[in-house]
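Biologist: I'm new to this one, and I'd like a close look at a single part. Could you walk me through how the domains meet and what lies behind that meeting place?

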Amino acid sequence: MDHGKVQGCATPDEIASRLETTTVWAMPASWYWDPEIYAEERHHIFSRHWLCIGREQMVSQPGQYLTASPAGFPIFVLRGEDGTLNGFHNVCRHRAAKLLTARTGSSNGLTCPYHGWRYDAEGGLKHAPFFGEARDFPKHELSLFAIRVDAWRGLIFVNLDLAGSELEDWLGPLASAVAETAPAEVEFHRDVEFEIACNWKNYVDNYQEGYHIPLLHPGLHRDLQWKRYRVINFDGGSLHEGPARGTSSHPGLFGWRFPNFTFVSYPQGLSFLRMEPLGPRRVRLVYSFFRPAGVSEQDFEETFDYGMEVSKEDQWITPLVQENLEAGVYEKGPLSPRHENGVYYFHELVRDALAST
Ligand code: FES
Ligand SMILES: [Fe+2]
């Protein structure tokens with residue numbers, strides 16, 4: 001099948017000049033449901049980028065762990081005695097059982113629930129009970145598969161690629177944009193999750209443009225100067241500027257980092273959203289809201305509700321789009337040079353990642 005793949009992703013500048021000179025097109029509809037494409041994405045996108053999996057507070061004490069399964073890779077992070085976070089694939093080296101099955105918990109030793117193999121906090125195999133006297137048993141080669149772990153703004157990120165860039169470099173201009181626009185001190189407000197019947201890219205597409213704001217988000221539209229809404233692509237992501245209208249200070253700065261991490265930062269607070277693929281046709285949205293220090297939980301609820309109203313509107317349209325992407329009538333559509341430069345850049349990054357297969 002010809003997927004319209006390109007070799008080498010265009011830079012944000014090249015994307016901008018291409019949008020000025022020609023009509024550009026969205027990726028093929030089949031990419032939003034094809035299991036083969038999803039399998040390629042798992043290995044060529046989600047195995048190579050930093051993925052947010054939760055918050056540092058979930059593993060604040062030594063011995064506490066947090067499991068996750070980003071894009072179907074079961075992993076866990078564990079707080080060591082010295083306070084560092086170590087991360088591993090959640091897979092026993094014997095016959096692949098999951099070592100940890102709860103979302104969070106505390107362990108003073110990692111014992112596989114299947115046949116009892118024990119590992120230390122650094123992932124080394126300590127004991128394979130009742131295994132018998134196997135000749136040349138390569139105990140030291142049977143450590144858990146390590147992954148990388150880092151944290152930013154209270155969020156835990158993992159990277160399955162041991163050789164990729166550092167988290168700070170990967171975040172790029174997004175980190176300074178948050179530092180400049182978010183309240184100086186924030187505290188955790190709450191997490192909220194939704195499962196939506198659509199491909200993860202369908203939801204990213206929606207996030208990556210303000211074109212739909214007037215019709216889909218009437219409340220948000222009242223609060224921002226939509227004609228001045230603009231998306232600025234940077235290497236691997238985009239920043240969205242939506243200047244506030246009149247006295248409103250609700251809109252702020254939106255940002256996205258390929259593949260699935262986003263934020264909204266404004267004077268009243270800071271929220272993060274990640275779109276976790278659960279398969280080719282299903283995505284979990286995970287929001288983490290932070291309120292400015294000193295603002296009460298009750299007072300922040302209005303800001304939270306505002307964010308949820310916008311989210312619900314997006315959650316309504318994306319499954320409707322998904323149904324049509326799967327129906328086999330629509331192949332691909334043109335992208336607006338004024339409003340969908342962020343969508344196009346996202347599609348180019350996907351095309352480029354899959355071209356390496
Ligand atoms: S699968 Fe873990 S001990 Fe057998
Ligand atoms: Fe939206």
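Biologist: To start with, what distance separates the centres of domain 1 and domain 2, taken over C-alpha atoms?

Modeller: Keep in mind that this is a predicted model. The centres of the two domains, taken over C-alpha atoms, are 31 Å apart. Domain 1 covers 12–48 + 172–355, while domain 2 covers 51–160. Where they meet, twelve residues of domain 1 are in contact with twelve residues of domain 2. On the domain 1 side, helix 2 (35–46), helix 4 (173–181) and strand 17 (269–279) each bring at least two residues to the meeting. Strand 17 gives the most, with four residues. As for chemistry, that side of domain 1 has seven nonpolar residues, two polar and three charged.

Now let's follow strand 17 away from the contact. Strand 17 belongs to an open sheet of seven strands, in the order 12-18-17-16-15-14-13, with antiparallel pairing. Strand 12 (186–196) and strand 13 (230–234) stand at the edges with a single partner strand each, so one side of each has no neighbour in the sheet. From one strand to the next, the twist averages 15°. Strand 17 pairs with strand 16 (residues 261–266) in the antiparallel sense, over six bridges. If you want a spot to click on, Thr262 stands opposite Leu273 in strand 17. Helix 8 (residues 297–327) packs on this sheet, touching strand 12, strand 16, strand 17 and strand 18 (282–292). The direction of helix 8 makes about 25° with that of strand 12.

Notes: Residues numbered from 1 in each chain as written. Chains lettered and ligands numbered in written order. Predicted model: local features only at pLDDT ≥ 70, side-chain atom pairs only at ≥ 80, totals over all residues. Domains from an automatic or database assignment. Contact = placed C-beta atoms within 7 Å. Nonpolar A, V, L, I, M, F, W, Y, C, P; charged D, E, K, R; others polar. Pairing = 2+ DSSP bridges. Axes fitted to C-alpha atoms, helices over the stretch in contact; angles between N-to-C directions.
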